[in-house]
Amino acid sequence: MRLQNIDPGWAGALGGGRAMQQWRHGVWATAAVVTGVVFVVAAKNGDLGDTSSLTTVLGFALSVTGLAVSLLRGEASGAARLSPEDRLNGLADQLATAVQEQWRAEWRLRSLQDPDPLQVSWMSADPWLADHRVNIGGPADLSGSLEHIADIFGQVPSRRLVLLGSPGSGKTVTAMRFTLDTLEQRRPGDPVPVLFSLSSWRPDHESLRDWMVASLTTTYPGATWSRELLSADRVLPVLDGIDEIPASVRAHAIRRLNAELDLGNPALLTCRTQTYADVVEAEDAVTAAAVIELQPLTLQDASAYLLRTARPIRGPGGQRATSWDPVVARLRSQPDEPAARALREALATPLMVSLARTVYSDGSADPAELLTSHFHNPAALEQHLLDAFVPAAFRDAPPAVGDDARRWLGFLARHLQEQQTRDLAWWQLYRALPSPLRLLGPLLLLSSVAVAVVAGIDLTYWTVSAPAVTAALAAGIWIGHLALSGGPLRHAPQRTATRSRVPREIILSAAAVSLGIALGATGKIVLDWTVYDPAFDPVAAGEKWLGPMALWMAGGMALALALTVLGVTGEPRPSTLLSRRKGRTGSLPVRIASAFGVLLAVGLAYLFIQPVLSPKYALGAAVLVGLVVAFAVWNNPRAIGTAVAARQARRVDRWSLRGGHAAARALVTALLTGVCMGGAFGLAQATTLAVRADRHSEFPAGATQHQAPDGTRYAITADGWLLGRSPDGDRYVRTPGPVHGVVITDSADRKDRGSAVTADGAKSWDCRHPVKCTSFYTPIEIHISEDAVHGEEIKLPSGRFVNDADFFDTLPRRSADWLFTASPARLFNDAANSGLAAGLVFGLVSGLAAGVHRSLVRPVDTARASSPLASLHTDRVATITRGIIVTTFGLVVFALLSYAPGSLTSNWNSVYDLTFLWILVGPLSIGLSAWGWLLTARLWLGATGQLPWRLMTFLDEAHRRGVLRQAGAVYQFRHHRLQEQLAAPTSD
């Protein structure tokens, strides 16, 4: 294997690295475990004594071992470990390439190269806005122009620079130019300039470093090592927009900057002049930072730019002319005219010059209208340019888009203004929904799916409708979500300063207790394996709806537990995990061949194991082998085909360690929460049932009570029936006198214990051979037994027990009520054990599924520039992959549990109920993902006409036309003033 063909995210695991060693050990251990299980089961079944069986088992062991050896052989040959310094250089080079790719594309989309950007200039700001000259050093005069920004930065010994300017003066463009120029001049080992938009930083809640790590991860999803580069001072932060931080925390931001930026850490910051002056007066200046201020454009610079970029028209004598020529001539000849003076002032900022170019230079509109009396002051003229910009940008768009673009963008601008942010993140558009939809959007969206699924099962036992079950499930999911995520989804950008001190498990357990009480108050207090209906219970009518609803709500809370362990609940965030990496799994034929290979491994494993084990155990073992093979294939470094430089290929892949710890935490969290919730639910139900049963445990009122020498207590009712209870708690009822009956047995069936039938019931029986009918006329006792067909059995005077066929129909109601009521202790044990077992099993499956997902799905670790469309695609792939993995794995585990003897779930109806719940985990994890929330928002906002149906396509088009700018995975309006103008109410 050639090292340069190894993906950098995995090459570090080769050649004896810790991650590779652990992976090796994991494969060997799994192979050993699988083989050991086969040996143990075969030995238990006594099949190893047979030569053919032993040969089969040994052949399977050799196959698994050979598979592990073939997967691991040669993976680490020839790879030499790089030094930490070289490794950091390789990671920094990856990030530099991604940053350069991103901002070069943005530079072109803003037409800054068409033909050249406006040559803004700057001078040193007022001395009182900067730190002491001794702390800064270097020349006092830092005057320069746009193409020299990187050189000016290099003249500051402290390598800290604050760039000030008025609104629209070109601060962001200058920061972009600094980033690109610094990358062009960058040498190996130099820090990588990264442009950050400060509008999303909340310095009162998160440190600068943590925020930069999160921003890097969102903007460059492959930079999983961003924290490492920041810790090694390999990132040069370009912090754009101190003025975009909320005014209440700007002073706090300066304090954090000064506290967290060590001496020697370079940084470039931008801010509005007046805002920075206010911050300096209130707090302090940025330590050791030189301060420069952008200057207004001169008329010569602005007019020259407009004349160069305007569409040419035919002038006198065929000379080249533009529509701006008469306007520029008038500005020069009549500078004191009110309209001319207003236009000169407006064109002093690059923003207004750029808007004027879009509105007039690239279309048929005549700029001469700017010199009319309508625009006698700069404010009115600037507002006109801002209003005309969007229609001009979409002038050649299809009518279906161009006519509504202003309205759609206005809605988005108002939404951002309400959220007090500039970042238009697609995963946060759900905040534009009305409150009910913002809380329950995906759940309501999935209701139709849930109704369809629930309607497919037999609900006659529950006597409730599919919509009712769906509503109960949704309510339970949301209760669990509120408890486990700490509250409803935040719809404001700022986090709440106060947090609940009550552990989430206690909140969830309290909700489970209330549901357990509701189920216990309406549940049957008879033995659960009988068919008797306790109509005597005065609250039994609630069984028709309250009990099932409480049980389904508890199931919804269990689903919320699984979703929380999977990381779905809470504030939606785009996932940076992919089920595959570019070039990692190869072409489509390679992926199909890999999938076929996994299926082939399952089939071969089943053929090897089936002669030794029963079919159900053979199938489970084969599926386990398939999981091992799939894990090995998906993580095989030889399947990676991306070509990278050898010096970039080496890195210590700590994902296996982090993923292992994360998987372990997920399992522990799921088990603890499941046990807490299931135990609280079961104990509450058990206590309620026991209290109710205790009320019916005594003999009926009015019956004469007696006690036999052996400790048996009995009572005789007024109509002569004897109700007895033995010392061990068993109950029976004796008839008042002899009764006519027939014992019917099948002489051909030696195991047939016989059945007792009343004389009337025996008339329908054919007592010919081999059926034998024996009449009796004696008192009998009716007992309760788990071995009986209907739960009741008849004890004849001879001491013989037979099944009861219809004598239970002759019991008086009060005697039947007393006979079939379970003891409080038994009810308590059954309900408590079933709740605890259900919580344990569901927590176990949830934790294991989350662990498998985090083990198989790894983050992309090759940095690349992200975009809103790319992050949406990544999240969609990761979300669907997660849904498939966890659903499939969970169903496999439940299938194995159903075959396990003495299944833990046997006390909670069956594994079927838990399996049915788990089927909903996949769709819910998709619906509650960032992509699912976007789908909900698109459906509502598109149906109401507030946004287009093809929202992301429209946003991408607005970005191409220069209305929006792209900052990593989010969009921003071209300028804050444009956002404010679009958010303002329109006259129509």
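Buried and exposed places in a predicted model

Tutor: In this predicted model, Ser815, Ala816, Asp817, Trp818, Leu819 and Phe820 of helix α28 are buried.

Student: Why is α28 called largely enclosed by the rest of the structure?

Tutor: Helix α28 spans residues 813–820, and 6 of its 8 residues are buried, so the description follows from that share.

Student: What covers the buried residues of α28?

Tutor: The cover includes four strands: β13 (722–725), β14 (731–734), β18 (781–784) and β19 (792–795).

Student: How do you know whether Ala288 is buried or exposed?

Tutor: Buried means under 20% relative accessible area. Ala288 has 4% relative accessibility, so Ala288 counts as buried. Ala288 sits in the loop between α11 (273–282) and β7 (290–294).

Student: Why is Arg159 called partly exposed?

Tutor: Partly exposed lies between the buried limit of under 20% and the exposed limit of over 50%. The relative accessible area of Arg159 is 32%, so the term partly exposed applies. Arg159 belongs to the loop between α6 (149–154) and β3 (160–165).

Student: What makes the phi of Arg159 worth a remark?

Tutor: Most residues other than glycine have a negative phi. Arg159 is not a glycine, yet its phi is positive, near 55°. Ala288, also not a glycine, has a positive phi of about 60°.

Student: Which residues touch the most other members of the largest nonpolar core?

Tutor: Among its 194 residues, they are Leu95, Tyr276, Phe394 and Leu409. Helix α22 (residues 546–565) gives the most to this core, with 12 residues. A second, separate core has 22 residues, including Ala703, Leu723, Ile780 and Leu796.

Technical notes
Residues are numbered from 1 along each chain as its sequence is written. This is a predicted model: local features need pLDDT of at least 70, side-chain atom pairs count only at pLDDT 80 or more; totals for chains, interfaces and linings use all residues. Side-chain values use heavy atoms; hydrogens and water are left out. Buried means under 20% relative accessible area, exposed over 50%, partly exposed in between (1.4 Å probe, protein chains only). Helices (H or I, at least four residues) and strands (E, at least two) are DSSP runs, numbered from the N terminus. Contact means heavy atoms within 4.5 Å. A nonpolar core is a set of buried Ala, Val, Leu, Ile, Met, Phe, Trp, Tyr and Cys residues joined through side-chain atoms within 4.5 Å.
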